[in-house]
Structure formats: structure tokens, C-alpha cells
Amino acid sequence: MLAQNTANPYQPAAQPDRIILNVTQDPSTSMGVNWRTSDSVKESFAEIAIASPDPRFVNKVKKNTAKTETLQLEGILASYHSVVFDNLVPNTKYAYRVGQGETWSEWIHFNTAGKPGEKFSFIYYGDVQTNIRSLWSRVARDAYAKAPDAVLMMYAGDLINRANRDVEWGDWFEAGGFIHSMIPGFPSPGNHDHYDGPDGKTLTSIFWRPQFVLPENGPAGLEETCYYSDIQGMRFISLNSDLAEESDEFLEKQKVWMEKVLSNNPNRWTCVTFHHPIYSPKSTRDNKRMRETFKPLFDQYKVDLVLQGHDHTYARGMAKIPMAKKGETSGTMYVVSVSGPKMTDSNVEKRDWMDRSALYTQLYHVVKVEKDKLTFESYTATGELYDAFDLLKQKGKINKLVDRIPANVPERR
């Protein structure tokens with residue numbers, strides 16, 4: 001019998017925990033869900049039905065058998081379960097639960113995505129990383145209060161600090177609580193979500209794929225870290241920038257894949273997320289590989305938003321982004337942010353490319369899209385509006401930027 005890790009308060013049991021929704025390639029007709037139990041549970045299920053105020057909806061459920069795998073680490077042996085609900089109806093509220101036998105979760109609601117052109121919003125977080133349960137939880141709760149109908153929650157890497165520590169993942173799931181189970185996640189891995197394998201190669205956390213079921217539409221070897229999802233007229237794309245930084249092979253694979261995904265894109269809007277910024281707020285950092293590889297593609301295919309993390313500060317810029325040709329102006333907004341409490345002002349300067357920035361400020365961002373208008377709003381952990389802008393589509397031209405920085409809120413430097 002495996003010795004229990006008593007230093008970790010998040011011990012698995014027959015009762016499902018760490019329940020999380022995740023995007024699919026098309027969340028209007030499908031949705032992924034993961035959960036964890038003790039390894040004594042060899043078979044688990046997910047039941048789903050269209051939600052109704054009549055509690056007899058439970059008599060109309062469809063029962064799905066989960067894919068189950070066992071993971072052992074740090075003295076904890078657990079079963080991880082996943083189901084992809086398919087053949088769903090767009091713009092519909094569903095109820096689901098997960099479990100087995102007499103042991104089930106509560107019934108939980110989620111909404112499928114709508115059709116292209118319909119108004120929607122999503123939440124974007126920079127690095128979570130440290131003091132997650134104690135200090136990031138307030139950010140997640142305030143964000144949910146601001147945007148309870150968000151179609152996804154995006155994480156730009158460094159969800160935790162040490163990739164293979166179960167207790168940190170426990171803190172992350174605890175901090176997000178039921179919100180994880182109601183709004184699908186769109187996580188992109190950072191350097192702290194990777195570790196050095198026995199052969200010296202950089203590997204994604206061993207928890208990543210068991211606990212997230214994500215689209216497998218990316219390059220081989222980067223499954224569920226490099227992927228895309230189409231939601232209501234916006235293509236959301238995740239790159240694995242850590243492996244792009246560490247591996248020539250994975251850099252080239254992602255470049256080839258990215259051009260294919262951008263060139264064959266029927267959506268009106270495009271948002272790309274990854275961890276290492278194209279333009280860093282820190283004078284001591286310069287992610288040249290990422291910039292030289294991907295920025296030309298962002299320019300060529302008119303990507304609207306690039307959302308990043310890594311530098312533990314906030315900055316965004318568009319009007320002053322350097323361009324290849326003289327006289328050109330960027331139509332892409334670049335944002336770097338941080339949602340957790342790990343902050344720095346070391347070598348963080350007001351760089352030429354920045355339109356707005358902040359130090360020592362936990363932030364989350366609510367992005368709203370309706371037809372030809374994208375609204376980006378940055379809120380502090382205590383709910384105040386710190387920054388805002390609109391992007392407006394213009395026929396035959398780059399996006400028009402409308403700054404809406406609150407007049408009474410000074411830059412936090």
C-alpha cells in the first residue's frame with residue numbers, strides 16, 4: 001500500500017474533486033470535463049442533460065463512461081477521468097454531474113457557445129504561480145462576478161510554480177473552486193508548468209494531460225498545449241512558447257502549424273496566447289526567437305490580440321509597436337499581464353512600445369466581442385477599472401484603436 005503524503009491536504013477520495021470544464025475545437029457543440037478520484041475508483045461516469053427548472057430533468061440524462069488513467073507522484077496515487085460531451089445544442093444551458101455508484105458531484109450548469117457574430121465575453125489571466133489559494137482566489141472570484149457568462153477563462157502560462165507538485169495544483173483547483181466547473185478553461189503552459197526530464201529534455205507537467213482534456217489539433221508532440229478553438233467568430237490559439245524557446249524542432253513545428261491555422265481561418269477575430277512575450281516589459285529579457293518567428297505571421301494574417309505572461313507586471317501596446325516597413329502601424333494589440341501576487345519592479349521600465357503599464361497590481365481582464373468591435377477591460381483584484389481600450393474593424397485597414405484609460409486612475413509605477 002502506498003504511504004500517504006500527509007503534508008498534502010488534497011488527498012483524493014471516492015468523491016470526485018478537481019472538476020474542470022475545458023474548451024473543445026467547437027464549444028458550441030461539445031465540451032470537455034475532467035475530474036479526479038482515489039485510485040480505488042476504476043470506472044467513473046459523466047451524466048448530462050439540458051438544464052431545466054423542473055428537477056425531473058435528471059430522468060433524461062445521457063450517461064458517458066469516462067476515460068480513466070492512474071497517476072502516482074509524491075506519495076499520492078489517483079485516478080484522473082475525462083469525458084468530451086458531444087452532439088450538444090449551441091446557445092443552450094446544460095446540467096452535468098460526475099461520479100460513480102452512490103458517489104456523485106452536485107449537478108453543475110454550463111452554457112454552450114453560440115454562433116459567429118453573436119456577442120460574447122472571455123476572461124484572460126496572466127501568471128497565477130504563487131500563493132494561489134490565499135491571494136489568487138480573490139482575483140478568480142472577482143473576475144467571475146464581473147463576467148459570469150464568459151465563454152472561457154484563458155491562462156497565459158505559469159498556472160503554478162513547480163510543475164509536478166500536486167499540492168500546488170490542489171491550491172489552483174481550490175482557489176478557482178466551482179468556477180472551474182462552470183466556465184471552460186483555455187490554459188497555455190509557461191516555463192513553470194514544465195520540468196527537466198531524466199534525459200535533460202524539457203517536458204510539460206505530468207499532471208497537464210490527465211487533468212485537462214483539450215483539443216488535439218496541434219503539432220505532434222505538443223498535444224493539448226499547442227491547439228486552437230473557434231468560438232462565436234473568434235479563433236483562439238495557444239502556443240507552447242517554452243518548448244519553442246527550448247527546442248528548434250518544436251519552434252519550427254509551431255511556426256508551420258501557426259501559418260496553416262492563420263491562413264485557413266474563417267473567423268472575423270483572432271486571439272493568440274502564449275507565455276513568453278514578443279515584447280518584454282523587462283530590459284533584461286528579450287524573447288527574440290518568439291518575435292522573429294511569429295510576429296511576421298501575426299502581421300501578415302492580421303492577428304487582433306496577443307495575450308502573454310511571464311514578466312510579472314502589466315503592459316500593453318499597439319500604436320508604437322515596431323514594424324518591418326517604414327510608415328506601417330501595428331494592427332495587433334500586445335498585452336502582458338499577471339494575476340497572481342508574485343510581482344517585480346526589477347529592470348521593469350517604461351518601454352517605447354507601451355501604451356499603458358502597471359507595477360505591483362494583480363489584474364484580470366474581461367474581453368467583450370460584438371460584431372466589429374472588441375472591448376478590452378483590465379480590472380484590479382479589488383474590482384476597479386484600471387485600463388480599457390476598443391479595437392474596431394475597418395474594411396481594408398488595420399484595426400482602429402480607441403483608448404479608454406480611466407481619467408482619474410494614474411499609472412501605477
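Helix α5, formed by residues 248-263, lies across strands β15, β16 and β17, and its direction is at about 175° to that of β16. This arrangement belongs to a predicted model, and the description below follows the sheet beneath the helix before turning to other elements.

The three strands contacted by α5 are part of an open sheet of seven strands, ordered β15-β16-β17-β18-β20-β19-β21 and mixed in its pairing. At its edges stand β15 (227-231) and β21 (356-358), each of which pairs on one side only. Between neighbouring strands of the sheet the average turn is 15°, with direction ignored. Within it, β16 (residues 234-238) and β17 (residues 269-273) are parallel and joined over five bridges. One residue pair locates this register: R235 has T270 in β17 as its bridge partner. In a regular strand, side chains alternate between the two faces of the sheet.

A second pairing is found at strand β1, residues 17-22, where five of the six residues are buried. Strand β1 runs antiparallel to β2 (residues 31-38), and four bridges join the two. Here N22 is placed opposite G32 of β2.

The helical packing of α1 with α2 can be examined next. Helix α1 spans residues 132-146 and helix α2 residues 166-176; their axes are 8 Å apart and form an angle of about 35°. The crossing is right-handed. On the α1 side the contact involves I132, R133, W136, S137, A140 and R141, which meet E168, D171, W172, E174, A175 and G176 of α2. By class, this contact comprises five nonpolar, two polar and five charged residues.

Two of these contact residues, W136 and W172, lead into the interior of the model. Both are listed with F122, Y125, F236, L305 and F376 as the residues with the most contacts inside the largest nonpolar core, which has 65 residues. Helix α1 supplies the largest share of this core, six residues. Nonpolar side chains tend to be buried together in soluble globular proteins.

Which residues surround W172, once its neighbours within four places in sequence are left aside? Its contacts are I20, V128, I132, W136, Y155, L159, I160, H180 and F212. Of these, I20 falls within the residue range of β1, and I132 and W136 belong to α1. Apart from the largest core lies another, of 29 residues, with I237, F250, L262 and M290 among them. Residue I237 lies within the range of β16, while F250 and L262 lie within that of α5.

Notes:
Residues numbered from 1 in each chain as written. Predicted model: local features only at pLDDT ≥ 70, side-chain atom pairs only at ≥ 80, totals over all residues. Heavy atoms only, no water. Buried < 20%, exposed > 50% of the residue type's maximum accessible area, 1.4 Å probe, protein only. Pairing = 2+ DSSP bridges. Axes fitted to C-alpha atoms, helices over the stretch in contact; angles between N-to-C directions. Left-handed = near helix turned anticlockwise from the far one by under 90°. Contact = heavy atoms within 4.5 Å. Nonpolar A, V, L, I, M, F, W, Y, C, P; charged D, E, K, R; others polar. Core = buried A, V, L, I, M, F, W, Y, C linked by side-chain atoms within 4.5 Å.
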